[in-house]
Amino acid sequence: METLSENKCFGGVQGVYSHRSDACAGDMTFGLFLPEEAQMGTVPMLWFLSGLTCTHENAMTKAGAQAWAAEQGIALVFPDTSPRGETVANDDAYDLGQGAGFYVNATQDPWAKHFNMWDYVADELPRILGANFAVDTDRQSITGHSMGGHGALTLAMGLPGQFMSASAFAPICNPTQSDWGRKQFSAYLGTDEATWQPHDATLLMQSKGFDGPLLIDTGTDDQFGDLLGTDSFAAAMAARRQQGTLRLQKGYDHSYFFISTFIEDHIAFHAEALYS
């Protein structure tokens, strides 16, 4: 573990750290905000999974989440969106390769060696956090934006009992029917579409749902709205009678201005679950 930076922030500490990852076969970087309460004991943790082209830094610096997490006494974890480095496979397109891990374990060459973001977020990084920081890995919740919203929803439903609540900002929630999904799943997982189904939030909602509360916000002016599959996921929630709320926020787009507007709501929502 290497400390890249630590800054005092709303009474706590915003840190950035690097470590060797077995899951991704290389060095990975993450951000971690620890509130002041972490000086006295362990605190619950909220994951923020970022979207296409992002690193750990985007949400850490743009979402405005630390103030509200400090108020609630919650740690924030900001993982990277993919493995990186000169030896890591990449693609010229922004939506495949580095910066576009899609939170799956790749099975196809040249991606399989490094692109194992599901295992990294689900298992490896929680163990590292629990061993090195004052966080309670038995009290976790998860949120994310766009591709990260896809990851938050699929991890929450795919790992029953691991997350006490889940939320998302403009998530890609029906990727098997979207260009933000079919292209990447074909590359990472192969052409057998049966292997894609565990990574489609709409299909997971239809088959199993989530064993906790959900909160989803999407802007009515989202410039990528046709790629998100919001209507399909809403229909699946309604059919299952899933505990949760899906809000269409009038006039908002896909940007961090949208996220920063509603991040307080999401952190308060997760705090209620984490401290219940």
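**Group meeting talk: a helix, two pockets and some salt bridges**

Let me begin with helix H4: eleven of its twelve residues are buried, so the rest of the structure largely encloses this helix. Please keep in mind throughout that we are looking at a predicted model.

Which residues of H4 are buried? They are Met147, Gly148, Gly149, His150, Gly151, Ala152, Leu153, Thr154, Leu155, Ala156 and Met157. We can also check the length of this helix, which covers residues 147-158. At 1.5 Å a residue, its twelve residues should span 16 Å, and the C-alpha atoms at its ends are indeed 16 Å apart, so expectation and model agree.

Just ahead of this helix, please find serine 146, in the loop between E6 and H4. Serine 146 is not a glycine, and yet its phi is positive, at about 60 degrees. Is serine 146 buried or exposed? With a relative accessibility of 3%, serine 146 counts as buried, because the cut-off for that word is under 20%.

A second residue with a positive phi deserves a comparison. Phenylalanine 10, also not a glycine, has a phi of about 50 degrees. Its place is the loop between strand E1 (2-9) and strand E2 (12-21). Phenylalanine 10 counts as exposed, at 57% relative accessibility, whereas serine 146 is buried.

One more feature of the backbone should be mentioned here. The peptide bond that runs from aspartate 109 to proline 110 is cis, and its omega is near 5 degrees. Proline 110 belongs to the loop between E5 and H3.

I now turn to the pockets. The largest pocket holds about 240 Å³ of space. Its lining is made of 14 residues, and those nearest the centre are Leu52, Thr53, His145, Phe224 and His254. By class, this lining has six nonpolar residues, seven polar ones and one charged one.

The second largest pocket has a volume of about 170 Å³. Among the residues that line it are Thr218, Gly219, Asp222, Asp231 and Leu248. Strand E8 (214-219) and helix H7 (230-240) are the elements that give two or more residues to this lining. Which of the elements gives the most? The answer is H7, with three residues. The classes here are two nonpolar, seven polar and two charged residues.

My next topic is the salt bridges. As a general principle, side chains of opposite charge can pair when their charged atoms come close. How many salt bridges does the structure hold? There are seven, and I shall show you three of them in detail.

In one of them, the side chains of arginine 84 and aspartate 80 meet, with 2.7 Å from N to O. Arginine 84 is partly exposed, at a relative accessible area of 30%, while aspartate 80, at 5%, counts as buried.

Another salt bridge joins lysine 183 to aspartate 95, whose closest N and O atoms are 2.7 Å apart. Lysine 183 sits in helix H5 (residues 179-189) and aspartate 95 in the loop between strand E5 (75-79) and helix H3 (117-132), so this pair ties together parts that are 88 residues apart in sequence. Lysine 183 is partly exposed, with a relative accessible area of 37%, and aspartate 95 is buried, with a value of 8%.

Helix H5 takes part in a further salt bridge, through arginine 182. The side chain of arginine 182 meets that of glutamate 193, again with 2.7 Å from N to O. Glutamate 193 lies in the loop between H5 and helix H6 (201-207), so the parts tied together by this pair are eleven residues apart in sequence. Both partners are partly exposed: glutamate 193 at 36% and arginine 182 at 30%. Elsewhere, Asp217, Arg247 and Asp265 are joined into one network by salt bridges that share partners.

Finally, I would ask you to locate valine 135, in strand E6 (residues 135-144). Valine 135 is buried, with a relative accessible area of 6%. Leaving aside residues up to four places away in sequence, valine 135 touches Leu34, Thr42, Val43, Met45, Ala75, Leu129 and Gly130. Valine 135 and histidine 270 are 135 residues apart in sequence, and their C-alpha atoms are 15 Å apart in space. For glycine 64 and leucine 49, 15 residues apart along the chain, the C-alpha atoms are likewise separated by 15 Å.

Conventions:
Residues numbered from 1 in each chain as written. Predicted model: local features only at pLDDT ≥ 70, side-chain atom pairs only at ≥ 80, totals over all residues. Heavy atoms only, no water. 1 Å grid on protein atoms, 1.4 Å probe; cavity = no way out; pocket = protein on both sides within 12 Å on 5 of 7 lines; lining within 4 Å. Points joined across faces, edges and corners; volume = space filled by probe spheres on them. Nonpolar A, V, L, I, M, F, W, Y, C, P; charged D, E, K, R; others polar. Helix = DSSP H or I, 4+ residues; strand = E, 2+ residues; numbered from the N terminus. Salt bridge = Lys/Arg side-chain N within 4 Å of Asp/Glu carboxyl O. Buried < 20%, exposed > 50% of the residue type's maximum accessible area, 1.4 Å probe, protein only. Expected span 1.5 Å × (residues − 1). Contact = heavy atoms within 4.5 Å.
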